[in-house]
Amino acid sequence: MRLAVSILAAFVGLLPQSALNAPFPTATAPASTVSTAGSGRSALIHQRLTEANQWRDHIMVVAHRAGWKEDGVPVRAENSFAAIDHAVEIGVEMVEMDVRRSQDGVLVVMHDATLERTTSCSGAVEDMPLPTLRTCRLVVEGQRRLTDESVFTLEDAMRHARGRILINIDNKLEPEALVEVAELARRLEMADGILLKMAVWNAERLQLARDIRRAIGPEIAFMPILADDAVKEADFIDRTEASLSAPAAELIHWYRDAAQPLTTDGGALLSARARAAAIRNDTHLWVNTYPITDRPEGMVAGGRGDYLAMASGRPEDVYGFFIDRGVTIIQTDEPAALIGWLDAQGLRRSYDLTN
């Protein structure tokens, strides 16, 4: 059994049943106000993340796989230092990075279970020790252009991003591995530098999320991923946000058939009651507009994806549509174009104003 699972089991075993059923307590002081070494700009971003109701006139942008595309074409290696640096340069709030484990148990940054698509190596990530993985050069997908970067650890990524931008962890491992990620963040004094998440679709899964939330601690941001093939009731959305003290809720509005019409209302997750619950819980609503390979465009956003916004020249029918329904965080493959459009609409507020 992995260390994270043991830690979680031990932690939960010490709690009385009444504590497990109680809402998760908030920290005595907001995590964004706690002084941590190297916080810098990331502390200001964390403040906006954890104070949703104060910043609903500012749309936060998350760069999918750290920001690897422009106009639909890969121009940087995904999950790379170059992508992080570019995201910081253009003002992105968070980079999404994928986490797996090497053969010798180290958390590494890699989207796929295998290395062929994104590196110069081949084989399964979990079959290779870290020293071998570090010999694998990152490539720009499509061009197969080798970069100067090699596979790196999550700790490497966190140190590189530290103080400049938040990391949104897309955990490709067991949910309990989030406890290990949280411990790493604390060791690096980066509790305000990451956002953890896991999918929640029923009461049993919510209880697991509550247990993990307790194990990682209140100072680290943690949110549910809610998909509308399973989550349809506003009461469950409300209960999930409240019991996790979630600063955001990542919403998946499925669009599995390209022949169906684009969503006209955002589905159950963006209903009037769901939006009211988000305001009551001081929670951001988050949508993903990036494409998924070999799937209908906008598959996780009711058909309203980046391609429709950019290539078809209809950003108001994508980003504007969701913003009108209360969304304040958008994860995209086109962060530069999205920020440009948001600026033109007056939907971004300078971080300089908070200094």
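How many helices and strands are there in the protein? In this predicted model, the protein holds 13 helices and 13 strands. Of its 355 residues, 56% are buried. Contacts that reach along the chain are also worth a look: among those between residues at least 6 apart in sequence, 71% join residues at least 24 apart.

The nonpolar interior comes next. The largest nonpolar core has 82 residues, and the members that touch the most other members are Val95, Met97, Leu154, Met158, Ile167, Leu196 and Phe222. Helix H7, spanning residues 177–187, supplies the largest share of this core, with six residues. Another core lies apart from it and consists of 13 residues, including Leu49, Leu195, Ala221 and Tyr351.

Leu196 makes a helpful place to start when exploring the model. Leaving aside residues up to four places away in sequence, its contacts are Ile169, Leu178, Val181, Ala182, Ile216, Ile220, Ala221, Phe222 and Met223. Phe222, one of these partners, is itself listed with Leu196 among the core members that touch the most others.

Helix packing can be followed in two pairs. Two packed helices are described by the angle between their axes and the distance between the axes. The first pair to consider joins helix H6 (residues 154–161) to H7, at an angle of about 45 degrees and with the axes 11 Å apart. H6 and H7 are therefore oblique to each other, since an angle of this kind falls between the 35 degrees under which helices count as roughly parallel and the 65 degrees at which roughly perpendicular begins. The crossing of H6 past H7 is right-handed. On the H6 side, Leu154, Glu155, Met158 and Arg159 take part, and they meet Val181, Leu184, Ala185 and Arg187 of H7. By residue type, this contact comprises five nonpolar, no polar and three charged residues. Two of the H6 residues in the contact, Leu154 and Met158, also appear among the core members that touch the most others.

The second pair is formed by helix H8 (residues 203–216) and helix H9 (residues 234–243), whose axes come within 10 Å and cross at roughly 15 degrees. That angle makes H8 roughly parallel to H9. Here too, the crossing is right-handed, with H8 passing H9. Ala203, Leu206 and Arg210 of H8 meet Phe236, Arg239, Thr240 and Ser243 of H9, and the residues of this contact divide into three nonpolar, two polar and two charged.

Note on methods. Residues are numbered from 1 along each chain as its sequence is written. This is a predicted model: local features need pLDDT of at least 70, side-chain atom pairs count only at pLDDT 80 or more; totals for chains, interfaces and linings use all residues. Side-chain values use heavy atoms; hydrogens and water are left out. Axes are lines fitted to C-alpha atoms, for helices over the stretch in contact, and angles run from 0 to 180 degrees between N-to-C directions. Helices (H or I, at least four residues) and strands (E, at least two) are DSSP runs, numbered from the N terminus. Angles under 35 degrees count as roughly parallel, over 145 as roughly antiparallel, 65 to 115 as roughly perpendicular and the rest as oblique. A crossing is left-handed if the near helix is turned anticlockwise from the far one by less than a right angle, and right-handed if clockwise. Contact means heavy atoms within 4.5 Å. Ala, Val, Leu, Ile, Met, Phe, Trp, Tyr, Cys and Pro count as nonpolar, Asp, Glu, Lys and Arg as charged, and the others, Gly among them, as polar. A nonpolar core is a set of buried Ala, Val, Leu, Ile, Met, Phe, Trp, Tyr and Cys residues joined through side-chain atoms within 4.5 Å. Buried means under 20% relative accessible area, exposed over 50%, partly exposed in between (1.4 Å probe, protein chains only).
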